[in-house]
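Please work through the following exercises with the sequence and the 3D structure side by side. Try each task before you read its solution.

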Amino acid sequence: MDQIVVRPGPPLEGTVRVGGAKNAALKLMAATLLAEGDYRLRNVPAITDVETMGEVLMCMGLDVTRIAPDELAIHRGPDCGVEAPYELVERMRASIVVLGPLLGRVGRARVAMPGGDDFGSRPIDMHLAGLEQLGATIEVRHGYIEAWTDGLLGCRITLDFPSVGATENLLLAAVLAKGTTVIDNAAREPEIADLAVFLNRMGATIHGAGTSTIEIEGVTELRPADHMVIPDRVEAATFLAAVALARGEITLEGARADHMGMFIQKMTDMGVWITPTSSGLWASAQGRPRSVDVATLPYPGIATDYKPFLVAVLSVADGVAIVTENLFAGRFKYVSELIRMGANIRTEGHHAVVRGVARLSGAPVRASDIRAGAAMVLAGLNAEGETVVADAFHIDRGYDDLPAKLRQLGADVTREGPTQRASAP
Ligand code: EPZ
């Protein structure tokens, strides 16, 4: 029994701290494969995906230790293994980003083909094509990517689509390649800029991260460094949606408005008051949200990770909204669970038509992935009666004790069954 139980409660109030970004921390951890020595990563969330990446690195002989609630110490010795096993990669798709640093630093990698969240097909063709352009030889055999090189050579790579993962893998490979690499149509997410800041601190020469053209001048060696992970804009968005559903007034310590401009604009259009403060964001919602149309896009557009939260809010908004998913065609699995709670939503291909209802009703529902699971908990904040979200382990992959943080804001949210809190690393 691993479930989160949500009961109706008062409007939210108070302050909660936003943790470090999962989608930055995982790639920063993979970057430690690039140079021998000791690293300190601060503001690392205590979530199971970080644990899994720690296991991947430990499989390769690195030491990964949680030395404080939000701090990791990582030691990389002179030698490291090159294999990322199926049982770990299958658990977390982001493990694929060890491919680039292993090829750049060791010249060899054996990585299982990724699994991860069930959003429909998630190819890695752009990762592999870009690494081949850099001079790697790649074969897929028995479910594993076998890759090797005598030394990567810088070149110009144009991505078909601004893929986050492909941009990061190529960045991590190119920093030790001979000559200059240019990544055109690169992804611009803040987590990529954070990775580049860390790599430059390690001695790399990267320009333009955060824009669609990144230039990397390869260097012969890198050194370890310390880094503070940027705040998690997706976690911050979760709490902003929570206040829209439960009403109230909250402060988000550590949230960065400049990383989530479009989302804040969309929530403001829905009637939520949001202002940056000296230490984060303040938000207030006093009435029923208004319906607005939403379309997901690569950064700086509305992130696909925000969409389940937005659909939960739109399901009780005043009016009709059209929601379009432009990144992951299959990312509407949670809709049937919202309908179980009385929502009025119709999906057609990568569109959904959401007709707002006055209030949801509590029901037993199931989390199908990290963000869908969080959206079910949020929907429960608005519902009449009890909502029981099963398979809460999905939520632990991306949130450090979401129920406790919501309780800090006065919500009645409890965990029943095993709490898969990250122990070590
Ligand atoms: C990252 O996934 C995030 N994960 C996802 O967050 C996020 O939804 C996604 O970026 C988009 O913002 C991590 O950072 C760990 P992509 P990633 O490569 O890198 C297609 C969460 O909940 N594509 O930008 O896997 C792909 O199918 C997670 O925190 C190819 O076709 O996403 C998709 O349609 C879920 N070929 C689009 O590009 C490729 O080689 C964007 O994918 C690579 C991608």
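**Exercise 1: Asparagine 382 and its helix**

Asparagine 382 is part of helix α12, where helices (H or I, at least four residues) and strands (E, at least two) are DSSP runs, numbered from the N terminus. The model is a predicted one, in which local features need pLDDT of at least 70 and side-chain atom pairs count only at pLDDT 80 or more, while totals for chains, interfaces and linings use all residues. Residues are numbered from 1 along each chain as its sequence is written, and side-chain values use heavy atoms, with hydrogens and water left out.

*Task.* Decide why asparagine 382 counts as buried, and find what asparagine 382 is in contact with, leaving aside its neighbours within four places in sequence.

*Solution.*
Step 1. Asparagine 382 counts as buried because its relative accessibility is 8%; buried means under 20% relative accessible area, exposed over 50%, and partly exposed in between (1.4 Å probe, protein chains only).

Step 2. Once neighbours within four places in sequence are set aside, asparagine 382 is in contact with Leu245, Val316, Arg359 and Leu360, contact meaning heavy atoms within 4.5 Å.

Step 3. With leucine 360 there is also a polar contact, since the side chain of asparagine 382 reaches the backbone nitrogen of leucine 360 at 3.1 Å. A polar contact is a pair of N or O atoms within 3.5 Å; within protein, one must be able to donate a hydrogen and the other to accept it, and residues adjacent in sequence count only if both atoms are side-chain atoms.

Step 4. Asparagine 382 and valine 6 are 376 residues apart in sequence, and from C-alpha to C-alpha they are 9.5 Å apart in space.

Step 5. Turning to the helix as a whole, 13 of the 13 residues of α12 are buried, and at the N-terminal end of α12 aspartate 369 acts as a cap, with a side-chain oxygen 3.1 Å from the backbone nitrogen of arginine 371.

**Exercise 2: The sheet beneath α12**

*Task.* Work out in what order the 4 strands of the open sheet that contains β22 are arranged, and which strands are its edge strands.

*Solution.*
Step 1. The order in this open sheet is β22-β23-β1-β24, with mixed pairing; two strands pair if DSSP finds at least two bridges between them.

Step 2. The edge strands are β22 (364-366) and β24 (412-416), each of which pairs on one side only.

Step 3. On average, neighbouring strands of this sheet are turned by 20° against each other, direction ignored; axes are lines fitted to C-alpha atoms, for helices over the stretch in contact, and angles run from 0 to 180 degrees between N-to-C directions.

Step 4. Between β22 and β23 (residues 387-390) the pairing is parallel over 3 bridges, and valine 365 stands opposite valine 389 in β23.

Step 5. Helix α12 (residues 370-382) lies across β1 (3-7), β22, β23 and β24, and runs at about 170° to β23.

Step 6. Threonine 387 belongs to strand β23 and counts as buried because its relative accessibility is 0%. Leaving aside neighbours within four places in sequence, the residues in contact with threonine 387 include Ile4, Val5, Val6, Val365, Met376 and Gly380.

**Exercise 3: A second sheet**

*Task.* Find which strands lie at the edges of the open sheet that contains β4 and β14, and which helices lie on that sheet.

*Solution.*
Step 1. This open sheet of 4 strands has the order β4-β5-β3-β14, with mixed pairing, and its edge strands are β4 (63-68) and β14 (226-228).

Step 2. From one strand to the next, the twist averages 20°.

Step 3. Strand β3 (residues 37-42) and β14 run parallel and are joined by 3 bridges, with histidine 227 in β14 as the bridge partner of leucine 41.

Step 4. Helix α2 (residues 48-59) packs on the sheet and touches β4 and β5 (71-76), its direction making about 140° with that of β4. Helix α7 (residues 190-201) lies across β3 and β14, running at about 160° to β14.
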